Amino acid sequence: MSLLISNIGSLVTNDPALGAGPLGLLADAAVVLDGDRVAWVGPAAAAPAADEHTDAGGRALLPGFVDSHAHLVFAGDRTAEFHARMSGRAYEAGGIRTTVAATRAASDAELNANLTRYLAEMLRQGTTTVEVKSGYGLSTPDEARSLRIAAGHTAETTYLGAHVVAPEYADDPDGYVDLVTGEMLAACAPYARWVDVFCERGAFDGDQARAVLTAGVAAGLRPRVHANQLGHGPGVRLAVELGAASADHCTHLTDADVAALAGSDTVATLLPGAEFSTRAPYPDARRLLDAGAAVALSTDCNPGSSFTSSMPFCVAVAVREMGMTPDEAVHAATAGGALALRRTDVGRIAPGARADLHLLDAPSHVHLAYRPGVPLTAAVWQGGARRL
Ligand SMILES: [Zn+2]
């Protein structure tokens, strides 16, 4: 079955061969979907016939957002911790360990229901591809079931056994690294595409992170890294050295870090929800873009430091606070996320791409930043199927 979407006031293709600028913008455009793929893109006046027809009403059509960094397999929430932090009160509870305890205590059905709910929340805001990490199990069975549940929903699953040292190993962090690179990895690898590590003071140092990533690669996984979120450190340069698809956070960068990213094909994935929710300084996207680094925007959706599932929110904050233009932010949230997942079939609207489309209740993609906090999603297609 084919579908013609006509009367598109402004079409973001992310293909410079199809339209103007890096966004490949087309005015008065049409798109034809055939099954789960995009079959044709061009001026509305030249559109071929199709089995069905939808009138976009002059509104803007974009690729579905690609959220390449999210932590969605968990139970419970951390409202009290956030409330205390935002009220200037000390809070003694255990941070990530609070979520680990709740996740371990939850049934598979509860974890699956939570994940399903957050993915639906994302879809309602235009997100059609989501990466999902483990990292709240921190034991072999709990990490493996987290990834098994995630793999039922997305191909982009990431083994993050090295999120923090499990509480049972508080006095033996190297013993925990042995577990993460040994038995736990073997149990998780069948359900994961990626391996990740939180390389940060208080989590895993450069040598431990290298051990986790190289063991993951040896098991057939591809590396990505939580790097340079809370301070300077070796994470970004380790990501570049190991050919990681992405270095995520990139909030505290030296000139050498920026140069390393710019000279590599490792994407700098920026996660402004984390700085927003912890009142921390934002990463300097302008500096990365001006140096020539590839930049992605993602939510980092998790119950502790960034409990937003909204890519439109991240776009608006990136424009207001991080020096990105509206065009750069929309590109980073679509094509940038695809690049950070090494995907060429999503994040663009071009013949052969997956039919993942986001129709805005607005005449231009600029409204995502111009109208912050306003629900602008009018329709979503995922793999050619109308989902909203
Ligand atoms: Zn994260």
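Begin by selecting Ala239, which has its place in helix α8 of what is, please keep in mind, a predicted model. Ala239 has a relative accessible area of 0% and is buried, the cut-off for that word being under 20%. If you leave aside the neighbours within four places in sequence and display what remains in contact with Ala239, you will find Val225, Ala244, Ser246, Ala247 and Thr266. For a sense of scale, add Ile8 to the selection: its C-alpha atom and that of Ala239 are separated by 40 Å, and the two residues are 231 residues apart along the chain.

**From α8 to the strands beside it**

Two of the contacts of Ala239, namely Val225 and Ala247, lead to the next stop, since Ala247 is the bridge partner of Val225 in β13. Select strand β12 (residues 225–227) together with β13, and you will see a parallel pair held over three bridges. Follow the chain from β12 through α8 to β13, and you will have traced a β-α-β crossover that is right-handed.

Now keep β13 (246–249) in view and add β14 (267–270); these two strands run parallel and are joined by three bridges. Here Asp248 stands opposite Thr269 in β14. Together with helix α9, the strands β13 and β14 make a right-handed β-α-β unit.

**Helix α9**

Which residues of helix α9 (residues 255–262) are buried? They are Asp257, Val258, Ala260 and Leu261, and because they cover an arc of only 160° around the axis, they are on the same side of α9. Turn the view to look along the helix, and bear in mind that an α-helix has 3.6 residues a turn, so residues three or four places apart point the same way. To see what the buried residues of α9 pack against, show α8 (235–241), β13, β14 and α11 (285–291).

**The annotated histidines and aspartate**

Next, select His69, His71, His226 and Asp300, which an unreviewed UniProt entry annotates as "binding site". These residues span 232 residues in sequence, yet no two of their C-alpha atoms are more than 12.2 Å apart, so they gather at one spot. Among them, His71, His226 and Asp300 are included in the lining of the largest pocket.

Look at His69 by itself: this residue lies in the loop between β6 and α1, and at 0% relative accessibility it counts as buried. Not counting residues up to four places away in sequence, His69 touches ten residues you can pick out by name: Glu131, Lys133, His226, Asp248, His249, Leu271, Ser298, Thr299, Asp300 and Cys301. Asp248 is the residue you met opposite Thr269 in β14.

His71 is found in the loop between β6 (65–67) and α1 (79–86), and at 2% relative accessibility this residue also counts as buried. Beyond residues up to four places away in sequence, His71 touches, among others, Lys133, Ser134, Leu160, His226 and Asp300.

**Strands β8, β9 and β10**

Lys133, which His71 touches, is your way into the next group, for its bridge partner in β9 is Thr158. Select strand β8 (residues 132–133) with β9, and you have a pair in the parallel sense over two bridges; with α4 added, β8 and β9 make a right-handed β-α-β unit. Is strand β9 (residues 157–162) largely enclosed or open? Six of its six residues are buried, so β9 is largely enclosed by the rest of the structure. Continue to strand β10 (residues 194–199), which runs parallel to β9 and is joined to it by three bridges, with Val197 in β10 as the bridge partner of Ala162.

**Helix α2 and a last residue**

Now move to helix α2 (residues 96–105), where the buried residues are Ile96, Thr99, Val100 and Thr103. Seen down the axis of α2, these fall within an arc of 105°, so they line one face of the helix. The buried residues of α2 pack against α3 (108–123) and α4 (140–151), and α4 is the helix you have just seen between β8 and β9.

Finish with Thr129, found in strand β7 (residues 127–130) and counted as buried at 7% relative accessibility. Not counting residues up to four places away in sequence, Thr129 touches Phe65, Val66 and Asp67, and also Glu156, Leu341, Arg343, Val346 and Asp356.

Methods: Residues numbered from 1 in each chain as written. Predicted model: local features only at pLDDT ≥ 70, side-chain atom pairs only at ≥ 80, totals over all residues. Heavy atoms only, no water. Buried < 20%, exposed > 50% of the residue type's maximum accessible area, 1.4 Å probe, protein only. Helix = DSSP H or I, 4+ residues; strand = E, 2+ residues; numbered from the N terminus. Arc of directions from axis to C-beta. Contact = heavy atoms within 4.5 Å. Pairing = 2+ DSSP bridges. Right-handed = clockwise from strand over helix to strand, strands pointing away. UniProt positions renumbered as here; feature names shortened; annotations may be inferred. 1 Å grid on protein atoms, 1.4 Å probe; cavity = no way out; pocket = protein on both sides within 12 Å on 5 of 7 lines; lining within 4 Å.
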